[in-house]
Amino acid sequence: MKKISLLAVSISLGLVGCDDSNGNLTTDNSNTGSPTQTVVAMDGYFKDALAFIDTNNDGAFSIGNDYVLGMTNAEGQVQFSQAPSGVIAIQTVKLNSPLLDAYSEYKGKYTIDMDRPFQSITNEIVLRAPENSPTISPITDLIVIEMTRNGKTQADAENTVITALGLPADADLYIDFVNGNDKNATLHKIAQILTESKANNPVTYATKATEFTNAIVNIVNNITQEQLNDANFIPIILDLALEGDFNPLIIENSNVVVSNQSIETTRAELESLNLSVGDALPETVIDLTGLFIDADTEVSTMTLSSETQIALTNAGIAFSIEGDQMTLSSNQILPSTNINIVVSTRDITSIGIEGNTVSASFDLVISTSNTQPTIENQKLAEIESALLRWNLQQGVPFEQTLSVTGLYTDNENDTLTLAVHMSAVSGLTAFIDSATEIMTVSGTPTNVTTNGQLYISANDNQHGSADEAWVEQVFSLPDVKVGTTPPPAQLSELEDVNWYQVGLEEYTGDSYDFIGGGCSTLRFSNGVIYRNNTTNENLTTCTETAGSQFGQSTYTVADDKIIASIVLTEDDGVEINQELTFEFHSPADNIAAGAKTVSVAIGSSESTIPNSHVTFFREEQDAERYINIQSDENVNSREFITLIANEEQPDSFNQLKINTSLSSNLPEQAEGKIYFQSEIHDLTCDDVAFYYDEFLFSGKSISGFIFRFYSSETIDCYTQEENGLIYSIVNFSLPALVESEIYSLLALNRNGLAENIAFNITWTGTGQSK
């Protein structure tokens with residue numbers, strides 16, 4: 001069995017996208033009380049990167065689980081005095097990323113690599129360093145990879161990295177190579193290319209870190225002095241083999257950069273407009289000439305982000321970009337907050353391949369004499385007093401109503417829209433009746449908690465619809481006392497049944513080796529886990545019965561959960577062990593008759609890894625709908641339902657409609673699409689990027705090639721409107737398709753709140769783009 005097998009199983013079950021750890025969990029959260037420590041993060045210095053303790057050493061930032069140290073300054077420094085022990089890390093953050101939305105003090109920040117100080121970074125990655133390291137860099141990240149993936153001591157890992165870099169045996173890998181006494185242009189350039197390589201190769205970088213390092217050292221040893229000193233000269237390395245030997249495609253490339261002079265000129269032009277709500281804006285041309293500079297080729301087409309387009313439209317401002325000219329006009333500017341205008345272009349490499357998206361950001365200031373709602377302190381005190389009298393107990397049904405009339409006042413007597421939501425109290429929901437302004441909180445608390453909060457917000461509808469237009473008041477809820485855990489569903493619903501699950505599978509043949517969508521069959525029976533052996537037939541069909549034991553995998557039952565011990569043996573005889581916990585959550589008859597939503601976690605029931613969820617289908621044909629799609633089928637045959645967990649109440653789910661298509665309008669070009677739509681609210685590209693961080697396209701004829709996208713700034717994503725609601729479309733620009741071949745379009749979840757999506761489509765020679 002190949003190494004990809006366990007990874008594919010974990011991905012298929014929705015547990016992970018791709019990581020660079022070996023699956024071992026460390027949960028030491030003890031406070032060390034250490035003195036003040038300063039850490040420098042760099043390939044160039046990273047400004048406003050999120051520094052944290054990677055508590056489980058999984059190479060990913062986990063909101064609510066990892067200990068946040070703070071944001072780095074312009075010299076890449078973060079200082080902290082007390083923190084749990086463990087690997088230290090940084091998370092880079094893109095412009096308009098939702099990653100920091102949970103942290104009000106950091107919301108809206110984005111990381112800048114001070115090698116290119118006038119633009120956001122183009123990729124979101126995590127870099128790590130051993131505990132107590134004075135620096136975090138792509139080089140210290142190599143050390144942690146060697147320690148976690150290959151089980152080496154820190155000293156042995158350092159020696160491996162020193163050898164790969166071709167450095168003297170006593171070399172210090174923790175120096176500040178960007179500036180100061182230890183400044184080293186060669187290590188700086190190596191670090192730049194390492195960062196880019198990790199971002200471009202998330203599947204293979206960790207497993208082939210030494211091979212990447214050797215290739216990069218060879219590149220740097222053969223470039224000119226001018227290229228060595230050019231911060232924008234960063235060759236691209238793409239590993240064309242998802243598994244097996246390193247197969248690099250090396251592309252000489254200089255990154256697109258934002259011109260400081262042009263950005264200052266554009267900001268001045270926008271400031272001079274002096275816009276106010278109610279004003280007209282005559283047609284105004286903003287000259288963007290020279291905003292982006294690409295040493296390899298002419299700058300590609302400039303576009304406005306979907307968020308900018310929506311904000312301008314909501315403010316009544318017409319817009320267009322043609323060539324280097326952005327045109328704005330309005331008959332009357334509607335109520336709006338200030339608008340963040342994000343202009344983007346794609347980096348085009350020296351061989352014409354599209355690379356990262358690079359963005360420049362400007363504020364369009366819109367003044368208004370209208371004031372936002374304000375809190376009425378007497379009513380605030382009344383609500384706080386009423387909440388303190390509530391009695392919340394685990395497992396006990398609860399319902400209370402409370403009038404929120406008069407909580408907010410508005411100087412202009414504008415009609416207010418009120419909203420409410422809760423956090424940290426699973427099992428309870430809240431809503432406000434717009435007619436009576438009566439708030440109802442009801443449900444059955446499922447967990448003991450001491451930090452529940454209630455958020456009541458108001459919008460006077462005079463400042464647009466962005467987050468900044470809402471005024472929010474936070475209330476603390478009483479503790480949820482210890483009670484009785486609500487009885488779970490019977491475990492017998494999972495045992496002794498062949499379940500069919502759509503996810504990622506590995507397909508290998510004489511001329512291909514790729515990861516694509518497929519159907520797996522799973523059965524729990526008498527303590528043994530059975531699973532089908534994946535064949536090419538699973539690209540379009542499910543195996544009727546899980547006929548053989550999955551490796552040496554077994555399970556036990558504890559607290560109505562299946563504790564599965566996955567034991568697999570690789571071709572080289574190495575044994576892999578992984579513990580998974582399965583728990584029935586709820587029926588999923590809205591997806592398919594007899595289907596179940598099942599919570600799955602890495603580790604035992606006490607694991608610190610948050611649950612993900614998957615759909616177990618009872619009938620083969622329901623799972624096969626996802627993987628036996630014909631490209632010329634009508635839209636109804638390609639429409640499905642998926643569930644996403646509520647961010648603040650992960651035990652409750654919202655329903656999304658998803659769809660997919662393949663089409664070709666030109667002989668050598670094709671397009672693949674995945675559609676995301678909610679029937680109750682707008683769903684923007686940022687929303688999609690919050691739940692999914694990797695979109696893949698694969699097939700036999702393109703074995704080894706894979707399209708990867710990570711956030712709304714880098715995916716080819718756009719929005720449309722239907723029935724008054726915005727929905728999002730992720731687009732793949734593809735080469736010519738082979739008739740009768742099966743292609744996979746995949747979306748991997750970012751944070752466990754969504755289930756992975758896998759579609760297999762047979763290209764019939766014609767397609768549907770609806």
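Visitor: What do E45 and E46 form, and which residue in the turn has a positive phi?

Guide: E45 and E46 form a hairpin with two residues between them, and Asn723 in the turn has a positive phi of about 55°. This is a predicted model, in which local features need pLDDT of at least 70 and side-chain atom pairs count only at pLDDT 80 or more, while totals for chains, interfaces and linings use all residues. Residues are numbered from 1 along each chain as its sequence is written, and side-chain values use heavy atoms, with hydrogens and water left out.

Visitor: How do you know that E45 and E46 pair?

Guide: Strand E45 (residues 717-722) and strand E46 (residues 725-735) are DSSP runs (at least two residues for a strand, at least four for a helix). Two strands pair if DSSP finds at least two bridges between them, and E45 and E46 have six, in the antiparallel sense, so they count as paired. In E46, Ile729 is the bridge partner of Tyr718.

Visitor: What makes E4 and E8 the edge strands of their sheet?

Guide: The open sheet has four antiparallel strands in the order E4-E3-E6-E8, and strand E4 (67-71) and E8 each pair on one side only. Within this sheet, E3 and strand E6 (residues 87-91) pair over five bridges, with Ala51 standing opposite Ile90 in E6. Helix H2 packs on the sheet and touches E6 and E8, its direction making about 75° with that of E8.

Visitor: Why is H2 called oblique to H3?

Guide: The axes of helix H2 (residues 138-150) and helix H3 (residues 154-165) come within 8 Å and cross at roughly 125°, where axes are lines fitted to C-alpha atoms and angles run from 0 to 180 degrees between N-to-C directions. Angles under 35 degrees count as roughly parallel, over 145 as roughly antiparallel, 65 to 115 as roughly perpendicular and the rest as oblique, so the crossing of H2 with H3 is oblique.

Visitor: Which residues in H2 meet H3, and how do they divide?

Guide: Contact means heavy atoms within 4.5 Å, and Ile139, Leu142, Ile143, Glu146 and Met147 in H2 meet residues in H3 that include Gln154, Ala157 and Val161. The residues of this contact divide into seven nonpolar, two polar and two charged. H3 also packs against helix H5 (residues 209-220) at about 30°, with the axes 8 Å apart, and that angle is under 35 degrees, so H3 and H5 count as roughly parallel.

Visitor: How do you know that Asp54 forms a salt bridge with Arg128?

Guide: A salt bridge needs a side-chain nitrogen of Lys or Arg within 4 Å of a carboxyl oxygen of Asp or Glu. The closest N and O atoms of Asp54 and Arg128 are 3.9 Å apart, so the pair meets that limit. Asp54 lies in strand E3 (residues 50-54) and Arg128 in strand E8 (residues 126-129), so the pair ties together parts that are 74 residues apart in sequence. The structure holds 11 salt bridges.

Visitor: What is the order of the open sheet that three strands form?

Guide: The order is E14-E18-E17, with antiparallel pairing, and the edge strands are strand E14 (281-287) and strand E17 (318-322). E17 and strand E18 (residues 325-330) pair over five bridges, Ile321 standing opposite Met326 in E18. Helix H7 (residues 260-271) lies across E14 and E18 and runs at about 170° to E14.

Note on methods. Nonpolar A, V, L, I, M, F, W, Y, C, P; charged D, E, K, R; others polar.
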